[in-house]
Amino acid sequence: MILRVHHATLRVHDPVEARERWARLHGLSGEGDAERALLRCAYEDFCLELRRDDADPGVEHVAYELRSGVSLAEAAERVAEAGEAFEEVEVPIRGRGLRLSDPDGNRIVLVERVIADDRKPAVARFTDQLPGYHPRRLQHVNYLTADTPRLADWYEGVLGLRVSDWVGDGAVWLHADRDHHVVAFLDKGYAHVHHLAFELTDWGEMRVALDHLAQHGRPLAWGPGRHTMAQNLFAYCRMVEEEMFVELFCDMEQLEPDHQPRHFADDPHGANAWGILPPRSYFRFDAAAIDAEREQLEAQQGLPEG
Ligand SMILES: [Fe+2]
């Protein structure tokens, strides 16, 4: 039923500030005002909506685009058959969407597929809008949870995604097409959006992005490295303002069309083929964890006496 991630909507206190920051740090471009901004990576209609909200900043919802030929009415029927509640909502540019929540309360919006008039690859198109550096697309989302198997069942049963890999029974990745995953869940004992992931073209573009972030005072929380599951080269930049991370990645594993879920042991090799595991702050969003990460306290405190 699902083709891919279409956009994420973020609650922000000041869309003007947030639009400028996402443009400067991550190369997203687009229009907005004091109430709302719509940003894009490249030629898509938008991938990030920044919505003014006085509540805590963060991810309001993640929207998925339905496959060609699946109407909103058909999606509604399927969601209802699965016993899930939903409502119709307005979506910028797309008009209508279907809104529901997963078992952790993560909000999801489904939108119908729109095929662009100009279907040439991005490099064959012309623009007077896009900056020199920009991600290729918003590609996946990763959540922390306290019940990974329940979430995997729900995304398979209600949205029709398929499991790619398990590590132990606490980490799962699900796919919609040949990309290794479009969504993933990791058991850390509580529910929270962990990261939005933007795809870059290659390792060279990642070097450009990581130098750029460093010059803007955004050292990485983890990486660069290579994920063992999914294979992608990764780097994680904390977005303190929206209580989440941005993952910049390239070279994700492409699954066989008849892929069967794989089960891997939860061992130190499981997260990073290059060997370095994340700091504990990587799974937290509180001020103490952010300070510890900024000051590199885990590394500074040294090894225990031998
Ligand atoms: Fe990721």
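This note goes through one sheet, two helices that lie across it and a few single residues, in a model that is predicted.

1. The sheet. Eight strands make up an open sheet with mixed pairing. Their order across the sheet is E2-E3-E4-E1-E5-E8-E7-E6. At the edges are strand E2 (29-32) and strand E6 (87-91), each of which pairs on one side only. From one strand to the next, the twist averages 25 degrees. As background, the strands of a sheet pair through backbone hydrogen bonds, and the pairing is either parallel or antiparallel.

2. One pair of strands. Strand E1 (residues 2-12) pairs with strand E4 (residues 48-52) in the parallel sense, over five bridges. To find a bridge on the structure, start from Arg11: its bridge partner in E4 is Arg51.

3. The helices on the sheet. Helix H1 (residues 15-26) lies across E1, E2, strand E3 (36-40) and E4. Its direction is at about 15 degrees to E3. Helix H2 (residues 72-81) lies across strand E5 (58-66), strand E7 (95-101) and strand E8 (107-111). H2 runs at about 15 degrees to E7.

4. The length of H1. H1 has 12 residues, and from its first C-alpha to its last it reaches 16 Å. That is close to the 16 Å expected at 1.5 Å a residue.

5. The two sides of H1. Which residues of H1 are buried? They are Pro15, Ala18, Arg19, Trp22 and His26. Seen down the axis of H1, these buried residues fall within an arc of 100 degrees, so they line one face of the helix. The face turned away from the buried side carries the exposed residues Glu17 and Arg24.

6. What the buried side of H1 meets. The buried residues of H1 pack against E1, E2, E3 and E4, and also against strand E13 (192-199) and strand E16 (244-250). A student tracing these contacts should therefore look at E13 and E16 as well as at the four strands named before them.

7. The end of H1. Gly27 comes just after H1 and takes a positive phi of about 75 degrees.

8. A residue on an edge strand. Glu90 lies in strand E6, one of the edge strands of the sheet. Is Glu90 buried or exposed? It has 9 C-beta neighbours inside 10 Å, and a residue with 12 or fewer is exposed, so Glu90 counts as exposed. Between Glu90 and Pro15 the separation is 75 residues in sequence and 19 Å in space, C-alpha to C-alpha. Pro15 is among the buried residues of H1.

How values were computed:
Residues numbered from 1 in each chain as written. Predicted model: local features only at pLDDT ≥ 70, side-chain atom pairs only at ≥ 80, totals over all residues. Pairing = 2+ DSSP bridges. Helix = DSSP H or I, 4+ residues; strand = E, 2+ residues; numbered from the N terminus. Axes fitted to C-alpha atoms, helices over the stretch in contact; angles between N-to-C directions. Contact = placed C-beta atoms within 7 Å. Expected span 1.5 Å × (residues − 1). Buried ≥ 20, exposed ≤ 12 C-beta atoms within 10 Å, placed from the backbone. Arc of directions from axis to C-beta.
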